[in-house]
Amino acid sequence: MYKCFGQRGGWMSANNWDAHLYDRSHRFVSEYGNHLIELLAPHKDEKVLDIGCGTGDLANELYEHGINVIGIDYAESMVEQAQQKYPHIRFEVGDITQLPYEDEFDAIFSNAVLHWVKSPKLALESIYQSLQSGGRFVAEFGGKGNVSNLTTNIIREVREAGYAFDEKKFPWYFPSIAAYTTLMEQVGFQVTYARLYERPTRLVGDAGLKNWLSMFADSFFHDVPVDKRDVLVKQIEQALSKERDEDGNWLADYVRLQIIGKKI
Ligand code: BEZ
């Protein structure tokens with residue numbers, strides 16, 4: 001068992017994600033990940049590591065493509081749930097910046113996780129070391145500009161309610177193509193593909209925004225007493241009330257970065 005690399009969120013504690021809330025209300029994360037499997041273009045019997053596997057849905061998709069897949073995630077609650085749902089797959093708790101592998105995988109795959117990793121170069125070095133020569137790294141995560149409307153409104157409402165938010169505590173890393181591919185090349189990857197694109201994302205139902213805040217955005221509420229959070233969430237909902245579709249779902253301004261790198 002390996003230990004965790006840092007914050008990934010949750011009203012709860014950093015490593016103790018609410019895996020049930022994740023599966024119930026944030027299933028879209030892995031559903032969007034299906035097109036990343038197309039980008040990975042896996043071949044039967046390849047050995048693939050899914051880093052930040054969450055509750056295991058995409059690892060299971062890979063398994064069903066005939067892939068020899070291992071899933072790794074720093075959150076024990078997620079790994080436990082993944083293991084229960086998919087007992088035929090190997091899952092481990094581990095740190096993306098300190099993967100315990102050397103020249104082992106045909107491919108490393110990651111969906112919607114690397115924006116939580118504030119030491120991207122360490123993560124890339126660890127990924128590079130884990131790949132076989134010629135192996136590929138295929139990932140998608142939040143890119144430059146991701147959720148900027150959402151976070152601008154959250155921070156403004158938190159401050160207007162009289163609480164502090166220190167910009168240095170911004171929880172995510174959302175790089176541009178230039179910043180991330182430069183790091184990849186420094187580590188030794190040949191970058192064969194990079195794309196930044198807008199993907200407005202539906203947070204389903206009246207409670208969609210509240211669920212998202214509670215699952216992912218706790219660090220903005222660090223100085224807000226627990227019994228004051230509901231009122232503040234209502235104010236944020238009010239501020240973002242135009243960001244809803246005709247059925248009342250919330251629209252989050254996601255921007256994704258997709259990359260492919262080859263170990264040379
Ligand atoms: C994302 O997938 O881009 C994301 C998810 C949660 C918080 C921030 C970004």
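Student: How far does a polar side-chain atom of Asn 146 lie from an oxygen atom of the ligand?

Tutor: First, this is a predicted model, so to speak with conditions: local features need pLDDT of at least 70, side-chain atom pairs count only at pLDDT 80 or more, and totals for chains, interfaces and linings use all residues. Residues are numbered from 1 along each chain as its sequence is written, and side-chain values use heavy atoms, with hydrogens and water left out. A polar contact here is a pair of N or O atoms within 3.5 Å. For Asn 146 and the ligand oxygen, the distance is 2.7 Å.

Student: Which residue has a side-chain N or O atom 2.5 Å from an oxygen atom of the ligand?

Tutor: The residues around the ligand, meaning those with a heavy atom within 4 Å of it, include His 115, Trp 172 and Tyr 254. The one with a side-chain N or O atom 2.5 Å from a ligand oxygen is Arg 256.

Student: How much of the ligand's accessible area does the protein cover?

Tutor: Accessible areas come from the Shrake-Rupley method with a 1.4 Å probe. On its own, the ligand has 260 Å² of accessible area. The protein covers 97%.

Student: Is strand β5 largely enclosed or not, and how many of its residues are buried?

Tutor: Strands are DSSP runs (E, at least two residues), and helices are runs of H or I with at least four, numbered from the N terminus. Buried means under 20% relative accessible area, with a 1.4 Å probe and protein chains only. Strand β5 covers residues 131-142, and it is largely enclosed by the rest of the structure because the buried count is 9 of the 12.

Student: Which strand pairs with β5 in the antiparallel sense?

Tutor: Two strands pair if DSSP finds at least two bridges between them. β4 (residues 105-111) pairs with β5 in the parallel sense over 6 bridges, and Ser 110 stands opposite Ala 139 there. The antiparallel pairing has 7 bridges, and Phe 137 has Gly 261 as its bridge partner. That partner strand, residues 255-263, is β9.

Student: Which residues of helix α8 are buried?

Tutor: Helix α8 spans residues 208-216, and 7 of the 9 are buried, so the rest of the structure largely encloses it. They are Gly 208, Leu 209, Trp 212, Leu 213, Ser 214, Met 215 and Phe 216.

Student: How far apart in space are Gly 54 and Ala 112?

Tutor: Gly 54 is in the loop between β1 (47-51) and α3 (57-64), and counts as buried at 1% relative accessibility. In sequence, Gly 54 and Ala 112 are 58 residues apart. C-alpha to C-alpha, the distance is 9.7 Å.

Technical notes. Polar contact = N/O pair within 3.5 Å; in protein donor to acceptor, adjacent residues only side chain to side chain. Buried < 20%, exposed > 50% of the residue type's maximum accessible area, 1.4 Å probe, protein only.
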